[in-house]
Amino acid sequence: MTELAAPLANAAPPDRAGGGLAGRTAIVLGLVVYVAALLGAWRLLTAILPDQLHLTLLHHAFTLKEVHRRIVSDGVIFLLLPTVLWIEWLFVGWSGSSVRQLLFARRASNKTDLAIFLMGQGHLTDLAGRLLTLGASMLSGAWIHDRLSAAAGFPLTLVPASMPLSLQVAAYFGVYSFFDYWTHRLDHSRYFWPLHRYHHSADDFCVVTATRQHPAAFTGIFFVNIPMAILGASAAAMIYVNVLVVLLGFLIHSRIDTNFGWIGRWIIQSPNHHRLHHVLDISEQPAGHFAMAPIWDHLFGTWRGEADQTLVIGVDTQYRHGFWVVPDLARDYWHFWKGWFQRKPV
Ligand SMILES: [Zn+2]
Ligand SMILES: [Zn+2]
């Protein structure tokens, strides 16, 4: 058993975890059947559908390109989210699980998480993001890469697509997490905090809290995916790094009481360390643990040690929460712009 698995295995006493061994076995079997069914459906769809679809709508001809890639990128959420929900259920048991909370015991904060998640699935957050960031979210890293490479006279590529995919993914995850770390530090500066505060306003974790982000989060757009593209990441490497990041995002917003052992100290952030990052008094005193890859916290002095799931999280600003998310989003967007033009932070 690895050190990653060991603390996970210790994360929940057996009596809480899905009704003992039989319960756990049922949960694992359910997950296996679900993943197999999804993979089967994906194979079937890619076998039936061509990669380019020609459609005629209202006498206009359309061509839908990269159909297979779209199936993966839109379908991946159906794989990643249930997988993490299942894993969490396995370790914390039904009574403490996010699934139960989201289905049967929703609190106002959980409703906000769910609303933002559904808006993201419907690509509404994307559209709002383009509008609220004044089009900046449409900036293309690949376009910058091509221009810079043309100017330099050689391809500015960190790891070429000819190298093994695992090496590309590891290297570009390093790049991603480095820029994500500094973006996140910037998010906690007085200028960007009103937008990032929306994420921290959750007073309860329920896995989908990961997607609770303000659509106008400028910093993520500029600094996170673009550097990978500028450094020549192949489309496959970018997809896998993003899958990894989405998976990790869900996992660190779960209720599994684990610090991942040495892996959580150096390689990938654990749910407990991320909970410490969300600790209630953060708007006055950022607690640290900004990095998805904790090595950056160690290198740049923001490592704050260990934590557990009993920590109270949230912010000291009032939020309405609930399904109707517009008032909170609008207030935070207003605070963001106001913050640039006044001396005192909002
Ligand atoms: Zn933060
Ligand atoms: Zn978070």
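A nonpolar core is taken here as a set of buried Ala, Val, Leu, Ile, Met, Phe, Trp, Tyr and Cys residues joined through C-beta atoms within 7 Å. In this predicted model, the largest such core holds 31 residues. Val84, Leu85, Trp89, Val207 and Phe250 touch the most other members. Three helices, α3 (67-92), α5 (108-121) and α12 (235-252), each supply at least two residues of the core. The greatest contribution comes from α3, with eight residues. A second core, separate from this one, has twelve residues. Val159, Phe173, Phe179 and Ala237 are among them. In soluble globular proteins, nonpolar side chains tend to be buried together.

The protein chain contains 16 helices and two strands. Of its 346 residues, 36% are buried. Contacts between residues at least 6 apart in sequence were also examined by separation. Of these, 69% join residues at least 24 apart.

Confidence varies along the model. The mean pLDDT of the protein chain is 82, and 84% of the residues score at least 70. Among the elements, helix α1 (residues 5-9) has the lowest mean pLDDT, 43. Helix α15 (residues 295-299) has the highest, 96. Residues 1-18 have a pLDDT below 50. Beyond near neighbours in sequence, this stretch nevertheless has 40 contacts in the model.

Two packed helices are described by the angle between their axes and the distance between the axes. For helix α8 (residues 165-187) and α12, the axes come within 9 Å. They cross at roughly 60 degrees. Angles of 65 to 115 degrees count as roughly perpendicular, and those under 35 degrees as roughly parallel. The two helices are therefore oblique to each other. The crossing of α8 past α12 is right-handed. On the α8 side, the contact is made by Leu165, Gln168, Val169, Tyr172, Phe173 and Tyr176. On the α12 side, the contributors are Ala236, Ala237, Tyr240, Val241, Leu244 and Val245. Two of these contact residues, Phe173 of α8 and Ala237 of α12, are also included in the second core.

Positive phi values occur at two non-glycine residues described here, Val207 and His321. Phi of Val207 is near 65 degrees. Val207 sits in the loop between α9 (193-200) and α10 (218-223). With 28 other C-beta atoms within 10 Å, Val207 is buried, because the cut-off is 20 or more. Phi of His321 is near 60 degrees. His321 lies in the loop between α15 and α16 (326-341). His321 has 20 C-beta neighbours inside 10 Å, so this residue counts as buried.

Two further residues illustrate pairings across the sequence. Leu90 belongs to helix α3. Leu90 is buried, with 21 other C-beta atoms within 10 Å. Along the chain, Leu90 and Ile256 are 166 residues apart. Their C-alpha atoms are separated by 9.3 Å. Ile226 belongs to helix α11 (residues 225-230). Around Ile226, 19 other C-beta atoms lie within 10 Å, so Ile226 is partly exposed. Ile226 and Phe179 are 47 residues apart in sequence. In space, the two are 9.5 Å apart, C-alpha to C-alpha. Phe179 is included in the second core.

Methods. Residues numbered from 1 in each chain as written. Chains lettered and ligands numbered in written order. Predicted model: local features only at pLDDT ≥ 70, side-chain atom pairs only at ≥ 80, totals over all residues. Helix = DSSP H or I, 4+ residues; strand = E, 2+ residues; numbered from the N terminus. pLDDT = per-residue confidence, 0-100. Contact = placed C-beta atoms within 7 Å. Axes fitted to C-alpha atoms, helices over the stretch in contact; angles between N-to-C directions. Parallel < 35°, antiparallel > 145°, perpendicular 65-115°, else oblique. Left-handed = near helix turned anticlockwise from the far one by under 90°.
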